[in-house]
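Subject: Structure for your review

Dear colleague,

Please find below the structure that I am handing over to you, followed by an account of what was found in it.

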Amino acid sequence: MSASPSQGRLSALADRWLPKLVLSPTLAASLIFVYGFIAWTGWLSFTESRLMPRYDWAGLLQYQALFENERWWTAAANLGIFGSLFILFCLLVGLLMAVLLDQKIRAEGALRTIYLYPMALSFVVTGTAWKWMLNPDMGLQKVMNDLGFANFTFDWLVNPDMSIYTVVIAGVWQSSGFVMALFLAGLRGIDDSIIKAAQVDGASLPTIYRRILIPSLRPVFFSVLLILSHIAIKSFDLVMALTGGGPGTSSDVPAIFMYQFAFTRGQLGQGAASAMMMLFTIVAVLVPLMYMETRSAKRV
Amino acid sequence: MKLKSLTLAVMAATLLPAAAFAGDVEVLHWWTSGGEAKSAAELKKMMTAKGHAWKDFAVAGGGGDNAMTALKTRVVSGNPPTAAQIKGPAIQEWGAEGVLADIDAVAKAGNWDKQLPVVVSNVMKYKGKYVAAPVNVHRVNWLWVNPEAFKKAGATVPKTWPEFFAAADKLQKAGIQPVAHGGQPWQDATLFESVALGVGGADYYNKAFVKLDKATLAGPTTVKVFETMAKIKTYIDKGAAGRDWNLATAMVINGKAGMQFMGDWAKGEFTAAGKVPGKDFICTDAPGTQNAFTFNIDSMAMFQQKSPAAVKAQADLAATIMSPAFQEVFNLNKGSIPARLDTPMGKFDDCAKKSSFDMNAAAKSNKLVPSFAHKMAMPSATEGAMVDVISQFMNSSMTPAQATERLAKAGAVR
Amino acid sequence: MFNSAKNTAVQPDSGVARCSGSRRTPCTVSTPALRAPGSRTAQAGFVLLPNLTVGRALVYAALLLMAIYYLLPLYVMLTTSFKSLDDIRAGNMLSLPQAWQGGAWVKAWAEACTGVECNGMQGFFWNSIKMTLPAVAISTILGAVNGYVVSMWRFRGSDALFTMLLVGCFIPFQVVLLPMAQVLGMLGIANTTTGLVLVHVVYGTAFTTLFFRNFYITVPDELVKAARIDGAGFWTIFLRILLPISGPIFVVCIIWQFTQIWNDFLFGVVFASGEAQPITVALNNLVNTSTGVKEYNVDMAAAIIAALPTLFVYMVAGRYFVRGLTAGAVKG
């Protein structure tokens, strides 16, 4: 790898602009396909676009209509319920499974695969399967009734007050295995010597988990939070396949609202306005998360 | 050598698309299952027999929701299909966007104005010119009855709402679920429009759901309609939410339930189960809707094409859709009736014959009304807002008065 | 400026240095291969309750219970696919088929209607592969190179640019459909497989960049520094030093991308041409009947068929997945 001085200077020069050059196609794509499109959507949200895009300014009309739409508020509230519960349970279940799996378990590989496989399925498949299982006429309730528990009822799927929670159940089923994998990887990445030192100091193992191992998973928490909030906010296929937003509009979420208004109802402007609200939510969640992450990373 | 292969490649690249373009028809539809797919396959057969290449563009799901998304992006990208399954006022909306093709020449040659009922041909035209071809007419205001269940319960097939509730009570006493229903928004709306037509009559229906007259919508008749809906609700089982319509039909087929409100596509389920109309099941008008007819027309809207070959293929497609041969075979498979008046009805069953007869009668007495639950009556935005209210009513403790107020508000959404 | 990136990997505030950090000194420049899959991966972790057999039994019980929760839907899907329609209507979902029948599978694979064609799912498999392979390959390679730049060749503003890129992960895809269609139309690749691949690459690269960046950030500085002193350039360092140790993260990235792209429905339905529709669209057409008889056994068989490749990938490469994650994908 030896090089003559002049070549070295040349390559040093090349090395200065090469990284930027390499990065530029991706950046350009991001500028157009992410930021450009967001701007385009933003513009449409200020127009009276119906079936197809129109570009005449119409002010805040669409936002006004959006905020007066009860269905939108149902959707927003549902996102709040679903998002927080989904993230919470994924974290709890994922962490618990990771800790348990980290106990020198026989057949760990097989169990890990079992926990992980839902991630391989598309949300459409997940939704279809759970729709079956939660249906009072065919699923769990019937099984329990057949087993002799005549009074067992589990009708969340068809109960407007509870339907959004069935989405949580199916969502956690699909994603918690992945969270487990991330946590398990984090646990396995911690250096043995620290544990040994703590053990020498006489700390009990639960204490070691609570005080040392789990806190040291903080960066993993960030990644997990990022991925989970991203799944929650974008959740569309799962709700579509499981409840279709129903009964009524009781399990509607913003992504479905946006899709239906923009594409099937010919209210593109309204759909764009709801999309902008979704984007604001994403930014509101994301920016603090990323800020915390970079801050913790830079505090060296 | 290299140059030669390059030249060949260029030649192939320039020649192939042109060759492939000759007479391509790409049809966007959501007939992907069973009898429907078979029906659509007939169209393909006829088009290929004419020497055109059929490019299937099937997108199912949500009564065409996904298909509309695909269509929109196609049009935006400047690459629309030859024809797409679009119906009702949506044809006007697409026409207003200036993307539909004028097929008036084909229609004139085929004398469509004579062959189609006026209500049908009006839907197919944008600014007086044909832009779409009708495939079939579905009747929505049917009540499907299991006669054996009725016999067991000692009930008679109802013609009026009091009779309906009397029959429902008897069924319930006999341990049979009176009404089979699927709690999906479009099914709620299908039930609602039959009730509205039965309770309020055709004039009320037209004023409220076609002209979207605010006073009528907010009036006492609407409250009565919702009250009837609330009463029907008590005869529906709890597991109905999210149930597919064909599972509800299955409940009627196997005698678990006594009746179902559903369009004539339900017939396919009965015949597939080996049941005979008139004997194993009865198709009758929804209570109070005798002589009235809510129609749901499937049609193919034609999109402007660039190449002359594609335009020619499109014209052939439109003519084929309207040909008596296609109208007969398609509708035999699908359970609906032909849009074309002069199609021979000999091969059709009793329900279809009744449907055809009733349509002509209803057209004469001004009781032929468009189905709004099936996107035939109002702009999609209004329809969506109304369906939201109806399905919320079905799934909450909203009172009829509250529902009426909100329905009237939804009627103002454009 | 070149160095600062690496230090971010250490978390001294928590009092625990992570594997990569602590091994910075022992795991030397000369033996990069040692760093690959985390050192403790092969053996298991710290035993919470080493001697209490009751405790261990509880641990196993909990794990088994979870396994049942995860397997139940698969069990239901599998048994349903082997039942006859009457069997499905009569029995409950947990019961085994009264008579095992493979007819639904044959139908789903070769006979079910997905449009006017009734050739089942078989043809769509190839469509999905034609789209997935290039999209996964391109987005992974781009991600590797990008991740290399933002971790090893940081320049003024590169952090901000990376954050900007990351936001691309979070844009709801429904938002981009129409403008994307317009752009593809302008480029003349609307409704082609090329166009579909482009879309997947555009929206997949942000994630792959994140994966590789988080992996490379844990690579010891000394490795790269020494190479630079030796006069190695941008590409040499990447190809000779980083690529050879990138195996685990490639596995993670490829599994992730493969799953995402294979399972995608929205882009497939909108941007594929009618005859090149991916398998998810075919599944949707098969399962969704608007006015037809619903055959649940065929639906379930078709759903499993559509999921087979991703399931296969998880079964075979699943353990490398966790290993790869351990090796750094989730850090930073």
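At which residues of chain A does UniProt place the feature "transmembrane region"? The unreviewed UniProt entry gives residues 21–43, 79–101, 113–133, 164–187, 220–242 and 271–291 of chain A. Please bear in mind throughout that this is a predicted model.

Chain A

Two of these annotated spans were examined in the model. Residues 21–43 of chain A are 100% helix and 0% strand, with the end C-alpha atoms 31 Å apart. For residues 79–101 of chain A, the end C-alpha atoms are likewise separated by 31 Å, and the span is 100% helix and 0% strand.

Chain A as a whole contains 13 helices and zero strands, so that its elements, read from the N terminus, run α-α-α-α-α-α-α-α-α-α-α-α-α. The C-alpha trace of chain A spans about 70 × 65 × 30 Å along its principal axes. Its radius of gyration is 25 Å, whereas a compact globule of 300 residues would have a value near 19 Å. Of the 300 residues in chain A, 51% are buried. Among the contacts in chain A with a separation of 6 or more, 68% are between residues 24 or more positions apart.

Chain B

Chain B has 19 helices and 12 strands. Its C-alpha atoms fill a box of roughly 85 × 45 × 45 Å along the principal axes. The radius of gyration of chain B, 23 Å, agrees with the value near 22 Å for a compact globule, because that is what the rule gives for 414 residues. Buried residues account for 58% of the 414 residues of chain B. For contacts in chain B with a separation of 6 or more, the share from residues 24 or more positions apart is 78%.

Two elements of chain B deserve a closer description.

Is strand E11 (residues 293–302) of chain B enclosed or open to its surroundings? All 10 of its 10 residues are buried, and the strand is therefore largely enclosed by the rest of the structure. Both faces of E11(B) are covered. On one side, Phe293(B), Phe295(B), Ile297(B), Ser299(B) and Ala301(B) are buried; on the other, Thr294(B), Asn296(B), Asp298(B), Met300(B) and Met302(B) are buried.

The pairing of E11(B) involves these strands:

- Strand E3 (residues 83–85) of chain B pairs with E11(B) in the antiparallel sense over three bridges, and Gln85(B) has Met300(B) as its bridge partner.
- Strand E6 (residues 132–139) of chain B runs antiparallel to E11(B) and is joined to it by seven bridges; here Pro134(B) stands opposite Ser299(B).
- Strand E12 (residues 368–370) of chain B pairs with E11(B) in the parallel sense over three bridges, with Leu368(B) as the bridge partner of Phe293(B).

Helix H13 (residues 245–253) of chain B is also largely enclosed by the rest of the structure, because eight of its nine residues are buried. The buried residues of H13(B) are Trp245(B), Asn246(B), Ala248(B), Thr249(B), Ala250(B), Met251(B), Val252(B) and Ile253(B). They pack against strand E7 (142–145), strand E8 (177–179), helix H10 (185–210), strand E9 (257–261) and H14 of chain B. After H13(B) comes Gly255(B), which has a positive phi near 80°.

Contacts with chain C

How many residues does the contact between chain A and chain C take from each chain? Chain A contributes 98 residues and chain C contributes 86 residues. On the side of chain A that touches chain C, helix H1 (residues 5–44) of chain A gives the most, with 19 residues. By residue type, this side of chain A comprises 64 nonpolar, 18 polar and 16 charged residues.

Chain B also touches chain C: 35 residues of chain B are in contact with 29 residues of chain C. Helix H2 (34–49), strand E2 (53–58), helix H3 (65–76) and helix H14 (266–272) of chain B each supply at least two residues of the side that touches chain C. That side of chain B divides into 12 nonpolar, 14 polar and nine charged residues. H14 of chain B thus appears in two settings: it supplies residues of the side that touches chain C, and the buried residues of H13(B) pack against it.

With kind regards

Conventions
Residues are numbered from 1 along each chain as its sequence is written. Chains are lettered from A and ligands numbered from 1 in the order in which they are written. This is a predicted model: local features need pLDDT of at least 70, side-chain atom pairs count only at pLDDT 80 or more; totals for chains, interfaces and linings use all residues. Helices (H or I, at least four residues) and strands (E, at least two) are DSSP runs, numbered from the N terminus. The radius of gyration is taken over C-alpha atoms; the globule rule is 2.2 Å times the number of residues to the power 0.38. A residue is buried if 20 or more other C-beta atoms lie within 10 Å of its own, exposed if 12 or fewer, and partly exposed in between; C-beta atoms are placed from the backbone. Two residues are in contact if their C-beta atoms, placed from the backbone, lie within 7 Å. Ala, Val, Leu, Ile, Met, Phe, Trp, Tyr, Cys and Pro count as nonpolar, Asp, Glu, Lys and Arg as charged, and the others, Gly among them, as polar. UniProt positions are given in the numbering used here, feature names are shortened, and annotations may be inferred rather than shown by experiment. Two strands pair if DSSP finds at least two bridges between them.
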